[in-house]
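Please take a brisk tour of the fold shown here. Helices come before strands, then a pocket and a few single residues.

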Amino acid sequence: MISNLFNLGSKAISNAQVAISTTSNNIANADTTGYQRADAVYDSTGNINVGGTSIGTGADIISIQANWDSFIESQYLSTSADLAASNSLSGYLSQMDTIFNQSDDEGLATTQDAFLTAWSELSMYPDSTAEREALLGEAESLVYSLNSTSSELSNMQYTVEDEISEQVATANEYIDGIALLNQQIAAAPDNYELSASRDQMIRELDELIGITVVVPSDGQVKIYTDGGMPLVEGSETHNLVYTSARSTESLMPSSTYDGDVSFSGSSSEELLLEFTSTGADGSAEFKVSLDGGKTWAEDENGDTLIYTAGDADNSVNIEGVEVYFSGGTTDHVEGDRYTIVPKSGLYWQGNDSTLINCTPLTDDSGVDVSSRSTGGSLSGLFKLRDDELIPTIDNLNDMAEALIWEVNEIHSQGAGLTSHLSLQGTYSAEDQTATLSNSGLTFADKIESGSFSINTYDADGALASNASISIDPSTDSLDDIVAAINTAFPGSLTASVDSDGYLKLQSATDVSFELSDDTSGFLAAAGINTFFEGSDASDIAVNSYIQDDSSHINCGEVGTDGLVSSGSNDIAKTINELMTKDVNIGDASSPQVTSLSEYLAGIVAEVGAAARTAETQVVCDSSAAQLYYDQQASVSGVNVDEELINLTRQQQQYEAACQIITVTQSMFDTILGMV
């Protein structure tokens, strides 16, 4: 009996020491991120029978157990991934909204309106040098606004893609780290701090890419992406890969097609091609999905769009991407599929190094495609890039392109204060011998069958000659146009194409010329007598010919008598009307018909609305994540006041255990004294 008392006291002292040590460690880690409050777990060691009486033998501490609620944690991981996505999306959208900041004194809309309004003021004073210089100043302000906005958006895209690359690398570090902790925990299952470290690392990974966690009976966690792709299974890992544009094929078992799909160009969209008929390249038909096969592209009547594509010379343009097939000696069959990702994307890497696309993707209504990654900051960054940033850049470029074309088409037919001695085109042809439609001119698709007129003047400004040059873009080459001009004006006007493919018109001594009545759009497409250079918001510029001499700003036009009358202002008035005139903007096959001002207002409104929606989403996601964070903290977090109470109680337990030894020793001494 005495020996059992000594054993009870000894166990009680040892247990109290362990409990005090555990509580002290809790207090020491009160501010340690990811630390989980631990408790000593006691278990009775049972009873013994002494003289017919059952006597307890005390208790042992069988483990130190961290406090953690797996159910709450799964809810937190889901909401935390959503919050990380909305935070990354909202942060950049807020910057975009700032870039497009509109006010009465600044912003793209203000500079564009000021530029078009300046044409109205010039039309009232067509011979005024001051009004021309004022117009030139407004044009340069507009160019600066477009260039700087384009530059800021492009730099943002580079920043986003760099951040994606860095986050993918970090995610892979966490994936490998969790697998290593799985191994360590397997070797030391009672080490609760290893489990706490793993749980914290899981949280960090979840904030990057939304995950699902499964904890089997052996405690070796399994982690999957939202789309179900395994990242960690015990000690086995699958990393993520961020790589450039690529395509993959998925042919039907009966297909023997041995060619390849090829593409050029880039887009924020993914293209899923599915063949709807059997046949050779150029004859087999296919449909296209932009959301992984959830829906199929339709025409204005709601019918599924059907495409065909052959070799590089018989490609098809889909969402700005040229698609064609090469090398096939056998036919496609119905059901053959190709996925084209004309942008850098996120992929899951298999054991055999195969890559499976898990790039976040949304459908037309903005709903996530469930087979892809949907949560975490990576998802937010991809959605920002593909659904907001690149489309905004494209829209801005479409507007700038329309502005350049519309102004140039009008301006190229006008006349300034002085006639021309020479004109240099600003758009080059890749092939001056090819038909204009295939020449590679930036605006080759704008050229139509028609004609333009050239008028030459002698040294006194009297009309010397005139001729109309016919244009057929399907049959005429740039060389043909050069020959026609040289034939029409022998000895007085020479046309040529330089080594870089630019058209040049040069008059003879004491001869000047004007251009007019262009119904073909050829002059604007070649950049002859135009106001702007460039093709989009990034490179738009005022034609250097005009910058050097504002007298060449075309306000009037050549009259029916071949002369430019003083006070002529029709060109200036027509350009001013672009403020309200509906024009074609965007994809030539399905352009948006609206005014330049309305289109720009739409861009600004879309960015602002997206920014406000994202801000609201952050608030909602923050509330949900905070709820589960607080619930988990109430279970696993360290409350120093509570730990001090526990420490006091455990100190009392230790003192009481020591008293057991003291009393037992006294009893033992008494017995010895009786002997």
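Buried means under 20% relative accessible area, exposed means over 50%, and partly exposed lies in between. Keep in mind that this is a predicted model.

**Two long-span helices**

Helix α1 covers residues 2–28. Its buried residues are Ile-2, Asn-4, Gly-9, Lys-11, Ile-13, Asn-15, Ala-16, Ala-19, Thr-22, Thr-23 and Asn-26. The cover over these buried residues includes β1 (38–44), β2 (47–50), β3 (53–56), β4 and α12 (640–674). The 27 residues of α1 reach 39 Å from first C-alpha to last, close to the 39 Å expected at 1.5 Å a residue.

Helix α12 passes the same kind of check. Its 35 residues should span 51 Å at 1.5 Å a residue, and the end C-alpha atoms are 51 Å apart, so the two values agree. Buried in α12 are Glu-643, Gln-650, Ala-657 and Thr-664. The cover over the buried residues of α12 includes α1.

An α-helix has 3.6 residues a turn, so residues three or four places apart point the same way.

**Strand pairs**

Strands of a sheet pair through backbone hydrogen bonds, either parallel or antiparallel. The pairs below are antiparallel, and each row gives one pair of bridge partners.

| Strand pair | Bridges | Bridge partners |
|---|---|---|
| β11 (260–264) and β15 | five bridges | Ser-262 and Tyr-324 |
| β14 (316–318) and β15 | three bridges | Asn-317 and Glu-322 |
| β6 (222–225) and β7 (230–233) | three bridges | Tyr-224 and Pro-230 |
| β20 (422–424) and β24 | three bridges | Gln-424 and Lys-504 |
| β23 (493–497) and β24 | five bridges | Ser-496 and Lys-504 |

Start with β15, residues 321–326. Which residues make up its covered face? Val-321, Val-323 and Phe-325 do. Glu-322, Tyr-324 and Ser-326 form the uncovered face. Strand β15 pairs with β11 and also with β14. The hairpin of β14 and β15 has two residues between the strands, and Glu-319 there takes a positive phi near 55°.

Strand β24 also alternates. Leu-503, Leu-505 and Ser-507 point to one face and are buried. Lys-504 and Gln-506 point to the other face and are not buried. Lys-504 is the bridge partner of Gln-424 and of Ser-496. In the hairpin of β23 and β24, five residues lie between the strands, and Gly-501 takes a positive phi near 90°.

In a regular strand the side chains alternate between the two faces of the sheet.

Strands β6 and β7 belong to an open sheet of four strands, in the order β5-β6-β7-β8, with antiparallel pairing. Its edge strands are β5 and β8 (236–237), each of which pairs on one side only.

**The second largest pocket**

This pocket has a volume of about 740 Å³. Of its 30 lining residues, the closest to the centre are Trp-68, Ser-70, Arg-198, Asp-199 and Val-215. The elements that give two or more residues to the lining are β4 (59–66), α2 (70–99), α4 (129–187), α5 (192–208) and β5 (211–214). Strand β5 thus appears in two settings. It gives residues to this lining, and it is an edge strand of the four-stranded sheet. By class, the lining has 14 nonpolar, eleven polar and five charged residues.

**Single residues**

Most residues other than glycine have a negative phi, and most peptide bonds are trans. Two loop residues take a positive value.

Asp-510 has a phi near 65°, and it is not a glycine. It sits in the loop between β24 (503–507) and β25 (512–516). Is Asp-510 buried or exposed? It counts as exposed, because its relative accessibility is 56% and exposed means over 50%.

Asn-529 also has a positive phi, of about 65°, although it is not a glycine. Its loop lies between α8 (522–526) and β26 (532–533). Asn-529 counts as buried, because its relative accessibility is 3%.

Tyr-158 is in helix α4. It is exposed, with a relative accessible area of 53%. Tyr-158 and Asn-543 are 385 residues apart in sequence, and their C-alpha atoms are 29 Å apart in space.

Notes
Residues are numbered from 1 along each chain as its sequence is written. This is a predicted model: local features need pLDDT of at least 70, side-chain atom pairs count only at pLDDT 80 or more; totals for chains, interfaces and linings use all residues. Side-chain values use heavy atoms; hydrogens and water are left out. On a 1 Å grid over the protein atoms alone, a cavity is a set of points where a 1.4 Å probe fits but cannot get out, and a pocket is an open set with protein on both sides within 12 Å along at least five of seven lines; lining residues have an atom within 4 Å of a point. Grid points are joined across faces, edges and corners, and a volume is the space filled by probe spheres set on the points. Ala, Val, Leu, Ile, Met, Phe, Trp, Tyr, Cys and Pro count as nonpolar, Asp, Glu, Lys and Arg as charged, and the others, Gly among them, as polar. Buried means under 20% relative accessible area, exposed over 50%, partly exposed in between (1.4 Å probe, protein chains only). Two strands pair if DSSP finds at least two bridges between them. The expected span of a helix is 1.5 Å times one less than its number of residues. Contact means heavy atoms within 4.5 Å.
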